[in-house]
Amino acid sequence: MLSMIAAAGIALSVVSSPEVAADEPPDDRVVVDVVTVNGSGCPSGTAAVATATDNTAFTVTYSDYIAQVGAGAPPTDLRKNCQLALRVHIPQGFTYAIGQADYRGFAHLARGASAIQQASYYIQGTSPTSRSSHDIPSPYSDNWQFTDRTDMAELVFAPCGEERNLNVNTELRVSPGSSGGASSFVTMDSTDGAASTKYHFHWKRC
């Protein structure tokens with residue numbers, strides 16, 4: 001199951017999960033390629049992936065991922081989603097699971113409005129993780145950040161010696177609620193341009 005932690009001005013209870021011993025990351029370079037991109041939250045050319053130099057994680061950066069309501073916002077803009085199929089190229093003798101995912105963005109919510117960030121990910125051929133869901137209360141105008149950690153017993157590793165896609169699914173929703181026609185929005189990026197999502201590898205030798 002996923003343990004969920006909230007930060008960046010949003011106070012929610014913290015659910016702890018056991019520390020999981022992991023093998024050291026491989027020395028050879030890990031490369032993550034984007035195979036397919038689908039969804040209203042990531043039009044062509046607006047999602048990019050980069051791997052950490054120490055092979056501990058990779059980040060996905062979005063440049064046009066915003067759900068919004070209010071004056072001038074099309075009705076279809078209240079929900080945005082993105083589905084990425086990623087190919088993780090790893091050195092021989094290693095396999096990986098995703099042990100933690102950090103999501104961040106910015107929200108401006110008028111009083112009475114609300115927003116939800118949802119996410120899941122899974123390795124091709126395995127069962128999807130539980131879909132995590134985080135509420136952003138109103139009124140709110142600040143960066144937000146949520147962290148999902150997978151419990152030790154729930155870690156799902158890629159098959160040794162095989163390259164399979166890692167599927168990453170995210171969604172943003174905003175509702176006007178009782179805010180009337182006031183403008184509200186939630187984004188999957190931040191005002192300082194930093195990477196919006198970060199996925200942490202959990203390494204194991206085959």
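Which residue in strand 13 is the bridge partner of alanine 57? Keep that in mind, as the tour comes back to it at the second stop.

**Before you start**

What you have open is a predicted model, where local features need pLDDT of at least 70, side-chain atom pairs count only at pLDDT 80 or more, and totals for chains, interfaces and linings use all residues. Residues are numbered from 1 along each chain as its sequence is written, and side-chain values use heavy atoms, with hydrogens and water left out.

**Stop 1: the whole chain**

Show everything as a cartoon. You'll find zero helices and 13 strands; here helices (H or I, at least four residues) and strands (E, at least two) are DSSP runs, numbered from the N terminus. Read from the N terminus, the elements go β-β-β-β-β-β-β-β-β-β-β-β-β.

Now colour by burial. Buried means under 20% relative accessible area, exposed means over 50%, and partly exposed is in between, using a 1.4 Å probe and protein chains only. Of the 206 residues, 43% count as buried.

Contacts come next, where contact means heavy atoms within 4.5 Å. Take the contacts with a separation of 6 or more: residues 24 or more positions apart account for 80% of them.

**Stop 2: strand 4 and its partners**

Select residues 57-62, which make up strand 4. Five of these six residues are buried, so the strand is largely enclosed by the rest of the structure.

Add residues 47-51, and you have strand 3 as well. Two strands pair if DSSP finds at least two bridges between them; strands 3 and 4 run antiparallel, with five bridges joining them. Look for threonine 51, which stands opposite phenylalanine 58 in strand 4. Strand 3 and strand 4 form a hairpin with five residues between them. Click on asparagine 55 in that turn and check its backbone: phi is positive, at about 65 degrees.

Next, bring in residues 197-205, which are strand 13. Strand 13 is antiparallel to strand 4, and four bridges join the two. Here is the reply to the opening puzzle: alanine 57 has histidine 200 as its bridge partner in strand 13.

While you have strands on screen, here's a handy rule: in a regular strand the side chains alternate between the two faces of the sheet.

**Stop 3: the two disulfides**

Show the cysteines as sticks. A disulfide is a covalent bond between the sulfur atoms of two cysteines. Here a pair counts if the sulfur atoms are within 2.5 Å, and that gives two disulfides. Counting bonded cysteines along the chain, the pattern is 1-2, 3-4.

Zoom in on cysteine 42 and cysteine 82, whose sulfur atoms are 2.1 Å apart. This pair links distant parts of the chain, 40 residues apart: cysteine 42 is in the loop between strand 2 (31-38) and strand 3, and cysteine 82 is in strand 6 (residues 79-89). The torsion about the S-S bond is about 100 degrees, so this disulfide is right-handed. Cysteine 42 is buried at 2% relative accessibility, and cysteine 82 is buried at 1%.

Then move to cysteine 160 and cysteine 206, with sulfur atoms 2.1 Å apart. Cysteine 160 lies in the loop between strand 10 (140-150) and strand 11 (165-175), and cysteine 206 in the segment after strand 13, so the pair ties together parts that are 46 residues apart in sequence. The torsion here is about -100 degrees, so this disulfide is left-handed. Buried or exposed? Cysteine 206 is exposed at 53% relative accessible area, while cysteine 160 counts as partly exposed at 41%.

**Stop 4: methionine 152**

Stay in the loop between strand 10 and strand 11 and pick methionine 152. Methionine 152 is partly exposed, with a relative accessible area of 48%. Select glycine 99 too: the two C-alpha atoms are separated by 8.2 Å, though the residues are 53 apart along the chain.

**Stop 5: glutamine 117**

Head for strand 8 (residues 114-123) and select glutamine 117. Glutamine 117 is buried, with a relative accessible area of 0%. Leaving aside neighbours within four places in sequence, its contacts include Tyr103, His134, Trp144, Phe146 and Met188.
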